[in-house]
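Notebook open, structure loaded. I want to go through strands, core and cavities in turn and jot down what I find.

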Amino acid sequence: MSGLSAHLAVGQSTSELLNAKRVNHFIVLKPDVRNKTLGYFLDNDVESRNVKTIRGKPCFAVVERGDPKQLRVESAYLNPFKYRVVITDTALTDPAFESVSKFLAVVETLSGQLAKGGATKGVEGYEAPKEPTATAAVKAQLTTQSGAVITSKGKKVRVVSAQTVSSIIRRNASTNKLLSLIGELNAPPLHAWAYQVQVDSARLFWLAPTDTVSTADMARARVVLQKLVEASRLYYQPDTAKQHFLKRVKAGLDEVAAARTFAALQASQVKFKAMVGEAKTFNARSEAALTSFMDEQNRDLPAEHRKNSPAALAFTNFTRQTFAEFETAARAIQATREQIAEALASLDGDLDQIAAELSGSGTSYHLATLYLNEEKMRDFTVSIYPRVIGLDANGGITVEEGGALIQERLRLRASKKLIPEFATGLFYTNLQYGSYGTETVGTETRVVKVAPRNYRGILAAHLNLVWNQWDGLIHPLAQIGVGTGKFAPTLLAGGGLRFSQPKHLAVTGGAVWTWREGLDQLAPGSLVTGTAQLEEARTLTLNPRPKMYIGLQYSF
């Protein structure tokens, strides 16, 4: 005859660790997006012969010494402009660590029972930890306003504050030269103002602080107009320049997306990084030109104009309003360009990160380092999302992602030479317990010895220590158990065999010790006032002569 010991989570946990692949330092993932599968190889395995496809939810036993243990997760080549790899992980209490805690709690229960000489609670069950949920796919899109582009011909400039530029250029300038500058203004917010000046150039002189227009006033006007023309040219470019840059951006994105190896990816990034640098430089140049113009015109336009010239005062106010509208429009264009530059820089940052995390062999790159210890195991999920990076109708950078092509969960646990396994079960044995009762004759109640109770099976909580030093179907184990039945406590010690196939099966046997019931200051025939006095007098003494038991443990 035999007994069955059933415990779902712990039995699965032990078999999981017995069958786990041992890994020392790193695992390299091999995505196959065409077949939507994820392969892997471990440590120094030869890739061509050892790549295995992940099926189900595999467990890996981390052998590396140290506390905490760490495992480096790497990935073979996957183009970052076409796919995004996301790793999420969750720390869970390792069932093997929890087994020891649960068994110690049962031993404490037995100790309390022996101290009282009576019965206590049974063994609580074990609830398996919940599986973590994978994160959902993320869709990010950057859009821009119509007409916002970045030139490809920008050069690095030093931003110079208005205070470092003299507001008076010591040379004469003719009215025709000023009108020629005004003719170069191509910004729509400035068209109405430029038209009024071209119709009547004398309006320019109304901006002077006095009725007498000096050579210095003309020079200052030329400085302001030159800065205005420069800002207008940088913010409102010809369509040919816009299209040229957009074609360069599109070609750069396509070239990176077409790279099929790490070497090709790094080569394509050289051009892409140069384009990102040009975009940033041009944005800085445009911002500097606009700021310089606004500082100059705010300083040169008179705060209070001649009160005897209403027309001059009206044109001055119109000029202020026009320049303010131009600044607002330019700032909006600048913000859009910054969005484009930031999007390009972010993509370039993805490429930089891969380059920085390349392995020594140059065949894989670092994704994450995961940490675990004897107490905590980690479940991590690898999700791979397809992505398309391109340009929208207005020249904005777009990043569109679909649902996960590949999503697999892997478990990491600390490798153990001895795997603790806690469970409760019914064991076959042959035990006999003597006991005492009371008998009332007339008015007297006396202690009597009752017929012994025979047990063919006992319920006990036990801790298996499974030897895990080789790969195979059979693993030896040591077993210790504790039974806390009413007036029938037991202690078990033995060994057995744990099978990894079929899963969750163990055959055990050993010795079982019982406690004999006795009486303190009472004996058979003693007068008592009732059963309460008998219960207080009961004692339990360990019987040094053990019996044998056998058990069959199977966790469903």
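**Entry 1: the open sheet**

I began with the five-stranded open sheet, whose order reads E5-E4-E3-E7-E9 with mixed pairing. Its edges are strand E5 (52–53) and strand E9 (364–372), each of which pairs on one side only. A reminder to myself: this is a predicted model, so everything here is computed from it.

Next I looked at how E3 pairs on either side. With strand E4 (residues 37–42), E3 runs antiparallel over six bridges. With strand E7 (residues 69–76), strand E3 (residues 26–32) pairs in the parallel sense, and here I get four bridges.

I wanted the register too, so I pulled some partners:

- Ile 27 has Leu 42 in E4 as its bridge partner.
- Asp 32 sits opposite Thr 37, again in E4.
- Leu 29 is bridged to Ser 75 in E7.

What about the turn between E3 and E4? The hairpin has four residues between the strands, and Lys 36 takes a positive phi near 60° there.

**Entry 2: the nonpolar core**

Which residues have the most contacts inside the largest nonpolar core? I noted Leu 185, Trp 193, Leu 228 and Phe 326, in a core of 28 residues. Several helices feed this core with at least two residues each: helix H4 (175–183), helix H5 (191–199), helix H6 (215–235), H8 and H9. H6 gives the largest share, eight residues.

I then picked Leu 185 and skipped its neighbours within four places in sequence. What remains in contact with Leu 185 is Leu 190, His 191, Trp 193, Ala 194, Leu 228, Val 229 and Ser 232. Two of the names on that contact list, Trp 193 and Leu 228, I had already written down among the residues with the most contacts in the core.

**Entry 3: cavities**

On to empty space. Rolling a water-sized probe over the atoms is how one sees where space is left empty. I found two cavities of 30 Å³ or more in the structure. I went for the second largest cavity, which holds about 40 Å³ of space.

Which residues line the second largest cavity? My list reads Phe 262, Leu 265, Gln 266, Gln 269, Leu 351, Ile 354, Ala 355 and Leu 358. Sorted by type, the lining has six nonpolar residues, two polar ones and no charged ones. Helix H8 (262–300) and helix H9 (310–356) both contribute at least two residues to the lining. The largest share is from H8, with four residues. H8 and H9 are familiar by now, as both also supply residues to the nonpolar core from Entry 2.

**Entry 4: one histidine**

I also looked up His 462, which is in strand E14 (residues 444–467). Is His 462 buried or exposed? Its relative accessibility is 1%, and buried means under 20%, so His 462 counts as buried. I checked one partner at a distance along the chain: Leu 492 is 30 residues away from His 462, yet their C-alpha atoms are separated by 8.0 Å.

**Entry 5: the whole chain**

Last, I stepped back for the totals. I get ten helices and 19 strands for the protein chain. Of its 556 residues, 44% count as buried. Among contacts with a separation of 6 or more, 76% come from residues 24 or more positions apart.

Technical notes
Residues numbered from 1 in each chain as written. Predicted model: local features only at pLDDT ≥ 70, side-chain atom pairs only at ≥ 80, totals over all residues. Heavy atoms only, no water. 1 Å grid on protein atoms, 1.4 Å probe; cavity = no way out; pocket = protein on both sides within 12 Å on 5 of 7 lines; lining within 4 Å. Points joined across faces, edges and corners; volume = space filled by probe spheres on them. Nonpolar A, V, L, I, M, F, W, Y, C, P; charged D, E, K, R; others polar. Pairing = 2+ DSSP bridges. Core = buried A, V, L, I, M, F, W, Y, C linked by side-chain atoms within 4.5 Å. Buried < 20%, exposed > 50% of the residue type's maximum accessible area, 1.4 Å probe, protein only. Contact = heavy atoms within 4.5 Å.
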